[in-house]
Every structure is written in C-alpha cells, then in structure tokens.
Amino acid sequence: MLARLFIAVFGVILMTSPIAAQVEGPKPFGKTADGTAVETYTLKNKNGVIVKLITLGAAITEINVPDRAGKVANVVLGFDDVAGYQSDRNQYFGCTVGRVANRIAKGKFTLDGKEYKLAINNEPNHLHGGIKKSLDKVVWKKEYVGKIGTGVGVQFSHRSPDGEEGYPGKIDVDVWISLDDENRLEIRYAAETNMKTPVNLTNHSYFNLAGAGADTVLDHGLMLNADRYVPVDKTLIPTGKLDAVKGTIMDFTKPMRIGDRIEKLYDTGAKGYDHCYVLNKAATRLAARLRDPKSGRVMTVTTDQPGIQLYTGNFLFGQKGKDGKEYKLRSAVCLETGALPDAVNQPAFPSIILRPGETYRHACIYAFSAE
Ligand code: GLA
C-alpha cells in the first residue's frame with residue numbers, strides 16, 4: 001500500500017516536472033589515424049544551452065551558453081575534427097584525463113614494495129596518464145544515452161588492461177556527462193580494478209567565458225573555496241607541504257581578477273597559475289566561481305573531491321582551434337577537480353590507491369548563468 005502510494009506521488013512529481021533537455025546522436029565525427037570511427041552527441045536544454053561530446057577521449061568539444069543579453073557563444077576550446085584532437089595542438093582540450101591526472105614525480109611510484117615505471121612525457125615527470133593509451137587518447141564505448149540524474153546525457157565506458165601505460169591492474173572506467181534544465185553540466189566518474197592501482201580522473205575543459213578564441217582570461221574574476229594550496233618545485237611537483245593562501249598571490253578566497261597578481265608567476269616553471277588548491281570542506285556546495293565581466297557569464301564548480309587544479313593556459317601557444325580561432329597564451333582557464341598531485345609519492349596527501357572490490361567515484365558540476 002505504502003509502496004503504491006509512493007509510486008503514485010512520485011509519478012505525479014515526475015509528470016509535473018518533465019525534463020525538457022534532449023540528447024541527439026550518435027552522429028559520425030570522423031576517424032582516428034588508425035581508422036577507428038569517432039562519434040558525437042549533442043545535449044540541448046530549454047535555455048538554449050548546447051553541449052557537444054565525442055567518444056575520442058570522452059571529451060566535451062563545445063559548451064554553448066547565453067550571456068547577459070541572451071547571446072549564445074561556445075566557451076570551451078576545441079577542434080573541428082578528429083585530426084585536430086590527434087594533433088600536437090591539442091593540450092587535453094575538454095577530454096577525460098587518467099588513469100592518473102596531473103603529475104607523478106619522475107614517472108615512478110612504489111606499491112607493496114614493487115616499483116612501477118611510467119612514461120616521462122613532461123620532462124622529468126609523468127603527466128596525465130601517459131602517451132598512447134592515456135584515457136584522453138582512446139576511443140570510448142557509448143554505454144548508454146538518455147536520462148541521467150536531473151538531466152540527459154551519455155555514459156561512456158572504457159577498459160584499460162593490466163599494465164597499460166605502465167599502471168598495475170585492469171581498470172573499468174565509466175564517465176556520465178549530462179546536462180539539465182538548470183544549466184548544470186554534470187560529470188560523474190566511476191572506476192573498478194582487479195589489482196591495487198592509483199586512480200585520479202578529471203575533465204580538462206579550457207574555459208573562456210567571453211567565448212573560445214577571445215582575449216586572455218586575465219579579466220575574469222575567480223573565487224576558490226580553498227584556504228590552502230599545494231606549493232610546487234620548478235618542475236611542478238609538490239614540495240609535500242600544504243601552504244596557507246592568506247596574504248599571498250595565491251589567495252582567491254574572495255573573488256579576484258585572475259590577472260591582478262599573475263605576473264609574479266611568469267618567471268616560475270608554471271608561467272602563471274598551475275596549482276592545485278585544497279578545497280575547504282564546504283566546497284561540496286561551491287568549490288569555485290568564475291565570472292567574465294564583459295559578457296556577464298558565470299560558471300560555478302561543485303565537487304566531492306579534495307582538490308582543484310587552477311591552470312591559466314600558460315602553455316597555450318596561439319594554435320588554431322575550432323572555426324579557425326586562435327588560442328593565444330592564457331586565453332583560457334582550467335578548473336580540474338580531483339585528488340592532490342603526485343599523491344602516489346606524497347605520504348601526507350590523501351591516498352589515490354583503488355583496491356579490488358572498491359569503486360572510485362568522483363562528481364563535478366559546472367553550472368552556467370549570466371548576470
Ligand atoms: C595540466 C597541467 C599543465 C599543463 C596542462 C596541459 O593542467 O597542470 O601544466 O601540462 O595540463 O598542457
């Protein structure tokens with residue numbers, strides 16, 4: 001009886017709040033250099049927000065959102081075709097990153113007394129999961145298309161075999177990317193393993209809220225809900241300490257112009273902000289807020305993760321992207337949620353080791369508005 005009542009009430013709620021957001025696809029996006037077909041999906045909501053995804057790297061290729069006057073623009077860097085994504089112009093634009101996002105010192109770690117060696121693809125360190133089979137480089141399988149949480153989207157899945165890119169264990173990874181009618185773009189990750197192995201996934205979207213290809217993001221305002229950050233050496237490896245941001249150029253606890261103090265970092269290995277912030281506990285409500293004063297576009301980030309990497313596009317080099325637009329130095333900002341960098345070699349940082357029988361989980365919501 002109670003169950004039937006619950007179904008009746010729940011059914012009414014569902015009927016009175018239908019999801020207007022829709023997902024289209026798959027449509028062909030092209031072929032990789034080795035001939036694998038890449039597909040694209042389009043998510044649309046009732047406010048004119050349009051998000052595009054591809055199976056290569058389970059990547060977000062476009063996020064089109066209105067400004068304060070209702071004018072829609074794409075706010076993430078990307079390419080028109082597969083060749084662009086497979087070229088060296090692509091610095092992880094919009095893709096899912098792993099098995100371990102961010103840097104691992106000297107490409108080495110020891111687990112249960114055994115040393116594992118990984119590719120050194122960012123001298124002298126390992127970056128973003130490796131070279132050929134890192135999660136951004138592989139074509140993911142579409143597992144499901146339709147309703148996800150409060151919106152609609154696509155579930156991508158990928159199996160990485162034992163030893164791939166030097167990592168122990170076979171892992172099965174799922175990523176759900178969905179859009180709802182509140183302009184929330186939600187990314188959820190899950191992973192399982194058959195051997196102890198490190199896992200730290202993220203999404204590497206590059207945002208410019210004035211529109212991809214616009215001027216630098218130095219005028220964007222940024223708030224980070226973080227009292228501490230991870231100081232790094234000149235190769236961007238953590239020193240092992242967590243420093244307070246208070247009174248330093250790293251402090252974004254109150255909204256600050258990104259460009260206000262960034263020049264002090266130009267002569268460092270990072271060439272700007274390229275640092276992980278330790279999120280305060282309340283960050284499950286709001287981790288970051290980014291605002292472009294010209295367009296009025298605002299993006300908030302919420303996550304269940306301990307850290308967020310602030311990267312201000314310091315290695316963009318004027319490469320040509322989507323629609324022939326040029327992506328000049330510091331013309332986009334990444335806010336990558338996840339674990340703290342080099343956690344496998346940093347005893348004081350929260351562990352990123354996944355064990356058989358456990359499930360790695362991570363949620364990140366990018367929400368868009370204008371003011
Ligand atoms: C990350 C790193 C940066 C840079 C970009 C890709 O976010 O922290 O240093 O390597 O990826 O170019």
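These legends accompany close-up views of a predicted model.

**View 1. The residues around the ligand.** Let's start with the surroundings of the ligand, where 13 residues gather. Those that come nearest are Arg 103, His 128, His 204, Asp 274 and Glu 336. Sorted by class, the shell holds 6 nonpolar, 4 polar and 3 charged residues.

**View 2. Polar side-chain atoms beside ligand oxygen.** Here we zoom in on two histidines and a glutamate. His 128 places a polar side-chain atom 2.9 Å from an oxygen atom of the ligand. For His 204, too, a polar side-chain atom lies 2.9 Å from a ligand oxygen atom. In the side chain of Glu 336, an N or O atom is 2.9 Å from an oxygen atom of the ligand. The protein buries 96% of the 310 Å² that the ligand exposes when taken alone.

**View 3. An open sheet of 9 strands.** Follow the strands across the sheet and you will meet them in the order 11-12-13-14-29-23-22-17-20, with antiparallel pairing. The edges belong to strand 11 (141-148) and strand 20 (256-257); each has a single partner strand, so one side of each is left without a neighbour in the sheet. As a general reminder, strands of a sheet pair through backbone hydrogen bonds, either parallel or antiparallel.

**View 4. Strands 12 and 13 side by side in the sheet order****.** Take a closer look at strand 12 (residues 151-160) and strand 13 (residues 171-179), which pair in the antiparallel sense over 9 bridges. A handy place to find your bearings is Gln 155, whose bridge partner in strand 13 is Trp 176.

Key: Residues are numbered from 1 along each chain as its sequence is written. This is a predicted model: local features need pLDDT of at least 70, side-chain atom pairs count only at pLDDT 80 or more; totals for chains, interfaces and linings use all residues. Side-chain values use heavy atoms; hydrogens and water are left out. A residue is near a molecule or strand if one of its heavy atoms lies within 4 Å of it. A polar contact is a pair of N or O atoms within 3.5 Å; within protein, one must be able to donate a hydrogen and the other to accept it, and residues adjacent in sequence count only if both atoms are side-chain atoms. Accessible areas come from the Shrake-Rupley method with a 1.4 Å probe; for residues, only the protein chains shown count as cover. Ala, Val, Leu, Ile, Met, Phe, Trp, Tyr, Cys and Pro count as nonpolar, Asp, Glu, Lys and Arg as charged, and the others, Gly among them, as polar. Two strands pair if DSSP finds at least two bridges between them. Helices (H or I, at least four residues) and strands (E, at least two) are DSSP runs, numbered from the N terminus.
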